[in-house]
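Me: I am new to this structure and would like a close look at its aromatic residues. Please set them against the chain as a whole.

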Amino acid sequence: HALHCDTAMGFLYLYGSNIGQGHTLFLDLRDPWNPVYAGEYIFPGGGNDSYVHDGYVENDTMYEGHIYPGFFAVVDVTNKANPLLLATQTTPTAFTHNTWLSDDHKTLFTTDENNYSFLGAFDISDLSNIREISRFQTAAGTGAVVHNTHILNDYAVTSWYKEGVVITDVSRPANPIEVGKYDTYAQGSG
């Protein structure tokens, strides 16, 4: 389904593929013309929990979106042959599609790809005490479905089905504020 390239570390992370039954696969790209299989992460317990829909990696820490059970997982991938689960957390409407990390590495933003969903923000500064700090909806009450978010400086750039692209100021993640919107849906909102 998705991939993430951590260019600083030279690895590609493949999520939701039919190789490995949807587990996260690691490819070493330090020689980009000759990618090398470096390992995989299988969530403990198996079943639907092992399928990873999307993810984000920075500095050997992976933030996975486990869509069907509705949680994100934080995984230490320093040792690609033996990744270590650090924490999990359920997201606002329990259908975790995507994750993205704030620039200061203290907040993880999530999306749940279902009706009446939210851009969620979680304080991850203490992985033994992850706290949800906010939920944001564009066009509240319309059933808007959030899809993906990416963080650029202090802004969440987020796609929403039938609502378009929404820019949210997340410089204070406990108080997200919509600051821009571009409607990409010709049939109108809702």
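Reply: What follows goes from the whole chain to its aromatic pairs and then to one tryptophan.

This is a predicted model, in which local features need pLDDT of at least 70 and side-chain atom pairs count only at pLDDT 80 or more, while totals for chains, interfaces and linings use all residues. Residues are numbered from 1 along each chain as its sequence is written, and side-chain values use heavy atoms, with hydrogens and water left out.

The protein chain has 16 strands and zero helices; both are DSSP runs numbered from the N terminus, with at least two residues for a strand (E) and at least four for a helice (H or I). Its radius of gyration is 16 Å, close to the 16 Å from the globule rule for 190 residues, so the protein chain is as compact as a globular protein of that length. That radius is taken over C-alpha atoms, and the rule is 2.2 Å times the number of residues to the power 0.38. Along the principal axes, the C-alpha trace spans about 45 × 35 × 30 Å. Of the 190 residues, 47% are buried, meaning under 20% relative accessible area with a 1.4 Å probe and protein chains only (exposed is over 50%, partly exposed in between).

Now the rings. The structure holds eight aromatic pairs. Rings of Phe, Tyr and Trp (its six-membered ring) pair if their centres lie within 6.5 Å; planes under 30 degrees apart count as stacked, over 60 as edge-to-face and the rest as tilted. One of the pairs is Tyr56 with Tyr63, which is tilted, at 6.5 Å centre to centre and 40 degrees between the planes. Tyr56 and Tyr63 are both buried. For Phe72 and Phe122 the ring centres are 5.2 Å apart and the planes are at 70 degrees, so this pair is edge-to-face. It links distant parts of the chain, 50 residues apart: Phe72 belongs to strand E7 (residues 71-76) and Phe122 to strand E11 (residues 119-123). Phe72 and Phe122 are buried too. Elsewhere, Tyr51, Tyr68 and Phe95 form one aromatic cluster.

Trp100 is found in strand E9 (residues 96-101). With a relative accessible area of 16%, Trp100 is buried. Setting aside neighbours within four places in sequence, Trp100 is in contact (heavy atoms within 4.5 Å) with residues including Tyr56, Phe109, His4 and His150. Thr107, Leu108, Thr149 and Ile151 are also among the contacts of Trp100. Asn114, 14 residues from Trp100 in sequence, is 18 Å from Trp100 in space, C-alpha to C-alpha.
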